[in-house]
Amino acid sequence: MERMLTSEELAQKAVEAKSKGLPTYSNFHVGAALLAESGKIYLGANIETSSYSLTICAERTAVFQAIINGERKFKSIAIASDAEDFCPPCGACRQVLLDLCGKELEVILVNKKNELKTFLLKELIPHSFSGEFLK
């Protein structure tokens with residue numbers, strides 16, 4: 001039987017992913033580690049361009065990478081930033097996580113001191129719009 005990854009181990013992967021980002025203008029590093037039900041971990045980091053609207057967040061980088069690799073079911077995502085406090089995903093990332101990972105996704109936030117705070121995605125995006133409205 002495969003050993004379950006702990007929240008702390010997934011959080012450490014997100015911290016490591018921060019160093020792979022390219023926050024050229026904001027110098028605000030964010031890393032994400034998305035755990036699929038298959039047990040595979042997909043990393044993401046924020047990448048900025050001079051046109052901020054074309055920038056992509058760490059969370060979406062990880063999710064899109066997982067989808068391209070055939071994953072469709074996810075357990076949790078850890079998100080680490082350089083902030084002293086816990087930095088939750090932005091609105092765009094919350095919507096992508098909701099649509100592609102589901103409202104029961106565990107979201108682990110990691111602050112600069114490597115402290116953890118955990119939520120379910122449905123707590124971070126209550127009263128959400130989703131594909132349920134499009135059926």
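This is a dialogue about reading side-chain features in a predicted model.

Me: What should I know about the model and its numbering before I begin?

Reply: The model is predicted, so local features need pLDDT of at least 70 and side-chain atom pairs count only at pLDDT 80 or more, while totals for chains, interfaces and linings use all residues. Residues are numbered from 1 along each chain as its sequence is written, and side-chain values use heavy atoms, with hydrogens and water left out.

Me: How many aromatic pairs does a search of the whole structure find?

Reply: Rings of Phe, Tyr and Trp (its six-membered ring) pair if their centres lie within 6.5 Å, and planes under 30 degrees apart count as stacked, over 60 as edge-to-face and the rest as tilted. Searching the whole structure gives 2 aromatic pairs. In one of them, Tyr25 and Tyr52 have ring centres 6.4 Å apart and planes at 80 degrees, so this pair is edge-to-face.

Me: Where do Tyr25 and Tyr52 lie?

Reply: Helices (H or I, at least four residues) and strands (E, at least two) are DSSP runs, numbered from the N terminus. Tyr25 lies in the loop between helix H1 (7-18) and strand S1 (30-36), and Tyr52 in the loop between strand S2 (41-45) and helix H2 (58-68), so the pair ties together parts that are 27 residues apart in sequence.

Me: Are the rings of Phe129 and Phe133 stacked or edge-to-face?

Reply: Their centres are 5.4 Å apart and their planes stand at 10 degrees, so Phe129 and Phe133 are stacked. For accessibility, buried means under 20% relative accessible area, exposed over 50%, and partly exposed in between (1.4 Å probe, protein chains only). Phe129 is therefore partly exposed at 46%, whereas Phe133, at 55%, is exposed.

Me: How many salt bridges does the structure hold?

Reply: Side chains of opposite charge can pair when their charged atoms come close. A salt bridge is a side-chain nitrogen of Lys or Arg within 4 Å of a carboxyl oxygen of Asp or Glu, and the structure holds 4 salt bridges. One of them joins Lys18 to Asp82, with the closest N and O atoms 3.0 Å apart. Lys18 lies in helix H1 and Asp82 in the loop between strand S3 (74-81) and helix H3 (91-101), so the pair ties together parts that are 64 residues apart in sequence.

Me: Is Lys18 buried or exposed?

Reply: Lys18 counts as buried, at 13% relative accessibility, whereas its partner Asp82, at 28%, counts as partly exposed. Another salt bridge is formed by the side chains of Glu84 and Lys112 (3.8 Å, N to O), and both of these residues are exposed.

Me: Which residues does Ser130 touch, not counting those up to four places away in sequence?

Reply: Contact means heavy atoms within 4.5 Å, and Ser130 touches Gln95, Leu98 and Asp99 when residues up to four places away in sequence are not counted. Ser130 sits in the segment after helix H4 (121-124) and is buried, with a relative accessible area of 10%.

Me: How many disulfides does a search of the whole structure find?

Reply: A disulfide is a covalent bond between the sulfur atoms of two cysteines. The cut-off used here is a pair of cysteine sulfur atoms within 2.5 Å, and the search of the whole structure finds 0 disulfides. The sulfur of Cys57 has its closest cysteine sulfur in Cys93, 3.7 Å away, which is too far for a bond.
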